[in-house]
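Welcome to a short guided tour. Open your viewer, keep a selection tool at hand, and follow along stop by stop.

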Amino acid sequence: MERDDHTYQRCGDEVIDNLEAAKSANVHHIIPVVAGGPDVPENLITLCEGCHSEAHRDMKHIHESNPELLGKLREVVCEDD
């Protein structure tokens, strides 16, 4: 969250770190693990729960629907693999 400036990276709202917050923070893999995404900080972003669900819905089949984009993401995120 510190790297993401305590801001949800999709909706831009501020992360409020308490149990009564309207939104809870989730960690999201930019390249899905199922598509070969690594479990490293460069492949993670902070999303609210609602945006996290939307991201999974949007990215569910990226490895099938847009392999070129997935390849470019891997070049950036997985450069040391």
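What covers the buried residues of helix 1? Keep that in mind while you get your bearings; please note that this is a predicted model.

**The whole chain**

Start with a cartoon view. You should find three helices and two strands, following the pattern β-β-α-α-α along the sequence. Of the 81 residues in the chain, 27% are buried. Switch on a surface and you are looking at about 5700 Å² of exposed area, with carbon and sulfur atoms supplying 50% of it. As for contacts between residues at least 6 apart in sequence, 53% join residues at least 24 apart.

**The two strands**

Now select residues 25–29, which form strand 1, and add residues 44–48, which form strand 2. The two strands pair in the antiparallel sense, over five bridges. To see one of the pairings, pick A25: its bridge partner in strand 2 is C48. Strand 2 is largely enclosed by the rest of the structure, because four of its five residues are buried.

**Helix 1**

Next, select residues 49–59, which make up helix 1. Its buried residues are C51, H52 and A55. Turn the view to look down the axis of helix 1: these buried residues fall within an arc of 105°, so they line one face of the helix. Here is the reply to the opening question: the cover over the buried residues of helix 1 includes strand 1 and strand 2.

**H52**

Stay in helix 1 and show H52 as sticks. Is H52 buried or exposed? H52 has a relative accessible area of 14%, so it counts as buried. Its side chain makes a polar contact with the side chain of N26, at 2.8 Å. Beyond its neighbours within four places in sequence, H52 is in contact with N26, V27, H28 and L47.

**Q9**

Move on to Q9, in the segment before strand 1. Q9 is partly exposed, with a relative accessible area of 40%. Which backbone oxygen lies 2.8 Å from a polar atom of the Q9 side chain? That oxygen belongs to T7. Show D4 as well: the backbone oxygen of D4 lies 3.1 Å from a polar atom of the Q9 side chain. Setting aside neighbours within four places in sequence, Q9 is in contact with D4, I45, T46 and L47. For a distance to try yourself, pick the C-alpha atoms of Q9 and C51; they are 42 residues apart along the chain, yet 9.0 Å apart in space.

**The cysteines**

For the last stop, colour the sulfur atoms of C11, C48 and C51. How many disulfides does a search of the whole structure find? The search finds zero. C11 is in no disulfide, and the nearest cysteine sulfur, that of C48, is 4.1 Å away. Why does C48 not bond to C51 in this model? The sulfur of C51 is the closest cysteine sulfur to that of C48, but at 3.6 Å it is too far for a bond, since a disulfide requires the two sulfur atoms to be within 2.5 Å. Compare the surroundings too: C11 is partly exposed, with a relative accessible area of 31%, whereas C48 is buried, at 4%.

Technical notes:
Residues are numbered from 1 along each chain as its sequence is written. This is a predicted model: local features need pLDDT of at least 70, side-chain atom pairs count only at pLDDT 80 or more; totals for chains, interfaces and linings use all residues. Side-chain values use heavy atoms; hydrogens and water are left out. Buried means under 20% relative accessible area, exposed over 50%, partly exposed in between (1.4 Å probe, protein chains only). Contact means heavy atoms within 4.5 Å. A polar contact is a pair of N or O atoms within 3.5 Å; within protein, one must be able to donate a hydrogen and the other to accept it, and residues adjacent in sequence count only if both atoms are side-chain atoms. Two strands pair if DSSP finds at least two bridges between them. Accessible areas come from the Shrake-Rupley method with a 1.4 Å probe; for residues, only the protein chains shown count as cover. The arc is that of the directions from the helix axis to the C-beta atoms.
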